[in-house]
Structure formats: structure tokens, C-alpha cells
Amino acid sequence: MLSSIVFLPLAVALLVLAVPQLSDGVVRWIWVGTATVEVALIVVLWARYEPPAAGTLAFEEQVPWIPGVDSSYHVGVDGLSLPLVAMTAVLFLACSIYAACRHERSRTQAALFLFLQCVSLGLFVAADLIVFFVFFDLSIVAMYFVIAGWGHGDAGRSALKFFLYTFLGSLALLVGFIGLYLAAEPHTFDMVALAASPPLADRPLAGGLVLAAVVLGLAVKTPTVPFHTWLPPAHTDAPAIGSAVLAGVLLKMGTYGFVRIAMPMLPQSWRDWAPVIIGIGVVSVLYGALVALAQTDLKRMVAYTSVNHMGYVVLAVGAAGVLAVDTVHARSVAVTGAVTQMVSHGLITGALFLLAGVLHDRAGSYDLGAYGGLAGPAPKLAALFAVGGFASLGLPGFSGFIAEFQIFTGSIAAVPVTAVALLGILITAALFLRALQRLFTGPTRGHSLEFTDMRPAEMCSVVLLLALSVGIGLFPRPLLEIIEPAADALVGLVGR
């Protein structure tokens with residue numbers, strides 16, 4: 001069933017390209033229909049899911065692929081990956097709905113996003129390092145064409161910078177994967193086998209070097225400070241749905257790699273370098289929030305909040321590597337919060353980027369100073385942006401609160417100094433309240449004078465994402481029941 005979920009979008013993309021007689025309207029409905037079917041299939045998968053036994057995955061499929069290096073097409077899910085698979089499908093559905101009211105080379109755009117959905121889902125279910133790497137690299141290629149083909153401003157330059165930075169990171173990641181393969185006895189790229197028997201457990205120097213390569217590759221994709229400089233221009237010049245997928249899905253490929261690869265396969269090195277990981281997380285939290293506060297461009301502001309929010313995840317997984325007496329449960333709570341934050345950030349920030357796209361669609365500008373009093377002509381936009389802003393700063397009742405509460409509860413219990421990162425929440429509150437004031441309050445002026453409110457397709461896409469954030473915030477148990485057993489298992493692997 002997993003392979004059907006992964007490759008259905010690719011099959012539809014090929015169909016769309018192979019039948020030129022399809023009109024743009026039909027293509028858009030095919031895109032929305034495929035995304036809807038994907039969500040339905042994952043709902044069925046979720047309903048049938050049972051936590052797998054230790055050292056295994058649910059719904060496993062394995063077929064020999066490159067036998068000479070013991071690499072196979074091996075896929076499966078557990079509590080770390082299934083929530084991200086579901087979030088990815090929902091976000092792509094929201095983007096397909098958002099794009100339904102636009103006419104921007106629909107055939108090519110639909111095919112490209114369906115391909116991007118295929119590789120994104122493939123990465124989150126991959127259980128072989130080479131399969132993971134293939135999907136990782138293909139996501140970079142697909143997003144490059146999204147930014148270059150449908151972006152605005154200096155999109156070509158931003159797309160090139162994105163590609164070069166993230167491709168360089170992927171090369172470092174490949175070096176780390178080869179290091180794991182060579183150290184394993186017998187040699188293998190199978191992720192389940194490597195997690196069960198860490199190949200560099202008794203070689204701290206070699207393990208540290210391999211961890212450095214893996215973390216570098218993942219940190220660029222996440223991105224963490226100082227590897228974040230490609231992110232703001234890529235977001236600013238990308239189309240709205242491109243920014244939503246970039247922030248909501250592609251950034252999670254980095255943080256997911258920490259919990260799927262770096263922590264279980266290199267536990268001793270992760271413990272040794274945990275203080276450095278925590279430091280990077282704290283810096284990313286505070287730096288991302290402070291720089292976001294200084295922005296006058298709405299899209300750049302939201303882009304820097306992604307650095308801030310991904311910093312929380314890095315902080316939590318770093319704290320999970322600090323072993324101390326009676327902190328096992330706390331470290332498990334931190335990991336649960338980190339995975340919840342990946343889901344929450346994807347939903348909330350995806351919605352915020354779609355809302356920013358409405359501004360550019362109407363007036364061609366993200367400049368906060370070019371608007372004012374927008375709540376008058378666009379009350380729906382104002383209401384949804386307020387909901388998205390409060391969700392992003394972690395207000396109770398939203399998924400962000402559930403995630404950040406667990407991250408800080410677990411991290412502070414394990415490493416008390418991480419409490420300094422709480423300042424990031426305060427700064428995030430200030431920057432969103434400032435943006436709300438500048439955009440929506442006061443007399444109507446500037447671009448707001450002839451602004452038209454949100455269309456039904458735009459409303460549906462944003463409401464879908466924010467409603468799920470509210471649902472998780474009010475009823476987190478169904479999500480946490482999936483994540484917690486996998487988080488406990490991961491903490492056990494790191495503590496070996």
C-alpha cells in the first residue's frame with residue numbers, strides 16, 4: 001500500500017504530460033482529485049496502523065535493488081514518519097486547491113507538484129539510505145524548477161542559490177552514508193539494520209566525522225544557523241504554493257533525518273556532540289526570531305520564523321542526547337515535541353505563506369509598509385492571518401502550543417540551560433502582533449484601498465491547514481499516541 005501512496009502522484013503526473021488534449025481546467029481538477037485520494041489512502045493507513053515491534057517498521061515492503069552494495073527498495077513507517085506522511089499529503093492537497101483558481105501553465109505546474117509530492121512521500125517512508133538519498137536529491141531538483149519557473153522578483157538567482165546550497169549539503173550527506181556503509185559489518189545501506197547495530201559505536205573519532213557529514217547535509221536542508229542564508233531569498237521569490245511546500249515539507253527532510261538517521265545510527269557520537277547541537281538550536285531559535293522581527297517584507301519575516309521554529313526541533317533532539325539520571329521520560333517528551341513541531345510548523349507556516357501569496361496576487365508586494373487598514377476591505381484575510389499568527393507563536397488551543405510545551409518541558413528537565421530559548425516565543429509574539437498592526441489596523445491606505453478579499457479556493461486551502469492545527473491543539477491524543485512509542489524507542493537507541 002505504501003508504494004501505491006508514494007507513486008500514484010508520479011503516475012498521474014506522467015498521464016497529465018502524456019495527454020496534451022486535457023484542458024487546463026481538467027488538469028487542475030485531476031490535480032485536486034489525486035491529492036484528495038492521497039489523503040484518503042493515508043487516512044486508511046492511519047486507521048490500520050499498529051505500533052511495530054522494536055527494530056521493525058509497519059507496512060514494510062522490500063525488493064532487492066542494487067544487490068552488490070546490499071541496497072534495496074525498502075519502505076515502511078512508524079510513529080516518527082507516519083505523521084509527516086499525513087502532513088505532507090494534507091499540505092499538497094491545500095496547495096492544489098489554492099492553485100485551482102489560477103492559470104499559470106497548469107499542466108506543467110500540476111505535473112511538477114505531483115512529482116514533488118511523490119519524492120517527498122518517498123523520503124519519509126524510505127528505509128534504505130540510498131533510497132532516502134535519491135528522494136532527497138530529487139526534491140531539490142523539483143523545487144529548483146518550482147522557484148525558477150513560477151517565482152517572481154529575482155527568482156532565477158534565488159533558485160540557483162537554493163540549488164547550490166542544498167545540493168552541496170546533499171553531497172556531504174552522501175559522504176556520511178558511505179561512511180556508515182563502509183563501517184557496517186556486513187556492509188549495508190539498510191536503515192533498520194544500521195539502527196539495530198550502530199556500526200561506529202566503538203570508534204568515536206570516525207563516528208564523529210561521519211556524524212559531522214550527516215549533520216552538515218541535514219542542517220543545510222533544515223536550515224539551521226549559519227546554513228540558512230539560502231532560505232529567505234528562496235521564499236521571497238518563490239510562488240505561494242512553492243513557499244508552502246518548501247517550508248512545510250522540504251525543511252522537515254532535514255529534521256526528520258536527525259531522528260531517523262543521525263540519532264539511532266550514531267548514538268555515541270550524538271551523545272558526545274549533543275551540547276553543540278543544543279547550542280546550534282538555541283542560536284537558531286533566538287537569531288531567527290530577532291531577524292524576523294526586523295523584517296519589513298512579510299514573506300521574509302515568515303521565512304525567518306521557520307529558522308526559529310526549526311531551531312526548537314534541533315534544541316529538542318540535542319537535549320535527547322544528554323544522558324543523566326532520571327531524564328529518560330523527559331528526553332522522550334522532548335523528542336515527541338520535536339516530531340509534533342514538525343507537523344505543526346508544516347500546517348501553520350504553509351497557511352501563512354499561502355496568505356502572503358494573496359497579498360502578492362492582489363498588489364504585487366509583500367512590503368508591510370505598503371498596506372494599512374486591510375481588515376476593512378479584506379476581513380476574511382485579516383481573520384485567517386490573525387489565527388495563523390497566533391498559532392505560530394504557540395498560543396494554547398493550537399498545535400504549536402502542544403509542540404513547544406513538550407519541547408521545553410522535556411528539554412529544560414534534561415538540560416536546564418535550554419530555558420534561555422523561551423525568549424524566542426516572546427519575540428515571535430512581538431513580530432506577529434507588529435505585522436497584524438501594520439497590515440490590518442488603522443486607516444485604509446496604500447495597496448489596501450482597492451484590495452479584494454480572499455476567493456473561495458484560497459479560503460478552503462488555508463482553512464484546511466489551520467483547522468487541523470486547531471484540531472491538534474484541542475485534541476492532541478490521536479497524534480501523540482502515534483508518536484510517543486516511537487519517541488520512547490528512539491531515546492532508548494540513543495542511550496545504548
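Reader: What is phenylalanine 132 in contact with, leaving aside its neighbours within four places in sequence?
Author: In this predicted model, phenylalanine 132 is in contact with Leu123, Ala126, Leu173, Phe177, Met191, Met253, Tyr256, Gly257 and Ile261, once the neighbours within four places in sequence are left aside.

Reader: And which residues have the most contacts inside the largest nonpolar core?
Author: Phe132 is one of them, together with Trp270, Leu298 and Leu381, and the core itself has 182 residues. Helix α10, which covers residues 240–265, gives the largest share of this core, namely 17 residues.

Reader: Ok, now the outside. Which residues form a nonpolar patch on the surface?
Author: The patch is formed by Trp65, Ile66, Val134 and Leu138, and together these residues have about 310 Å² of accessible area. The elements that give two or more residues to the patch are β1 (58–66) and α5 (129–150).

Reader: Where is tryptophan 65, then, and why does it count as partly exposed?
Author: Tryptophan 65 sits in strand β1. Its relative accessible area is 44%, and because partly exposed covers the range between 20% and 50%, tryptophan 65 falls into that class.

Reader: Switching topic: how many salt bridges are there?
Author: The count comes to seven salt bridges. One of them joins the side chains of arginine 260 and aspartate 78, with an N to O distance of 2.5 Å.

Reader: Which parts of the chain does that pair tie together?
Author: Arginine 260 belongs to helix α10, whereas aspartate 78 is in the loop between β2 (71–77) and α3 (82–99), so the bridge ties together parts that are 182 residues apart in sequence.

Reader: Are those two buried or exposed?
Author: Arginine 260 and aspartate 78 are both buried.

Reader: Which residues are linked in a network of salt bridges?
Author: Such a network links Asp361, Arg362, Arg455 and Glu458. Within it, the side chains of aspartate 361 and arginine 455 meet at 3.3 Å, N to O. Aspartate 361 lies in helix α13 (residues 328–363) and arginine 455 in the loop between α16 (423–440) and α17 (456–474), so this pair ties together parts that are 94 residues apart in sequence.

Reader: How accessible are aspartate 361 and arginine 455?
Author: Aspartate 361 is partly exposed, with a relative accessible area of 34%, and arginine 455 is also partly exposed, with a value of 32%.

Reader: What about arginine 362, which residue does it form a salt bridge with?
Author: Arginine 362 forms a salt bridge with glutamate 458, and the closest N and O atoms of the pair are 2.8 Å apart. This pair links distant parts of the chain, since arginine 362 is in helix α13 and glutamate 458 is in helix α17, 96 residues apart.

Reader: Why does arginine 362 count as buried?
Author: The relative accessible area of arginine 362 is 19%, and because buried means under 20%, arginine 362 is placed in the buried class. Glutamate 458 is buried too, with a relative accessible area of 0%.

Reader: What else is glutamate 458 in contact with?
Author: Apart from neighbours within four places in sequence, glutamate 458 is in contact with Tyr98, Cys101, Arg102, Val358, Asp361 and Arg362. The C-alpha atoms of glutamate 458 and cysteine 95 are separated by 9.2 Å, although these residues are 363 residues apart along the chain.

Reader: Is cysteine 95 buried or exposed, and how many disulfides are there?
Author: Cysteine 95 is buried, with a relative accessible area of 0%, while cysteine 460 is partly exposed at 46%. The count of disulfides comes to zero.

Reader: Last topic, the backbone: which peptide bonds are cis?
Author: One cis peptide bond joins threonine 222 and proline 223, with omega about -15°, and another runs from valine 225 to proline 226, with omega near 10°. Proline 223 is in the loop between α8 (204–221) and α9 (231–237), and proline 226 is also in the loop between α8 and α9.

Reader: Why point those out?
Author: They are worth a look because most peptide bonds are trans, and in a similar way most residues other than glycine have a negative phi.

Reader: Which residues here have a positive phi, then?
Author: Among them are phenylalanine 59, with a phi of about 55°, and aspartate 70, with a phi near 55°. Phenylalanine 59 is in strand β1 and is partly exposed at 22% relative accessibility, whereas aspartate 70 is in the loop between β1 and β2 and is partly exposed at 40%.

Notes:
Residues numbered from 1 in each chain as written. Predicted model: local features only at pLDDT ≥ 70, side-chain atom pairs only at ≥ 80, totals over all residues. Heavy atoms only, no water. Patch = residues over 30% accessible without salt bridge, like charges linked within 9 Å, V, L, I, M, F, W, Y side chains within 5 Å. Areas by Shrake-Rupley, 256 points an atom, 1.4 Å probe, with all protein chains shown as cover. Salt bridge = Lys/Arg side-chain N within 4 Å of Asp/Glu carboxyl O. Helix = DSSP H or I, 4+ residues; strand = E, 2+ residues; numbered from the N terminus. Buried < 20%, exposed > 50% of the residue type's maximum accessible area, 1.4 Å probe, protein only. Core = buried A, V, L, I, M, F, W, Y, C linked by side-chain atoms within 4.5 Å. Contact = heavy atoms within 4.5 Å. Disulfide = S-S within 2.5 Å.
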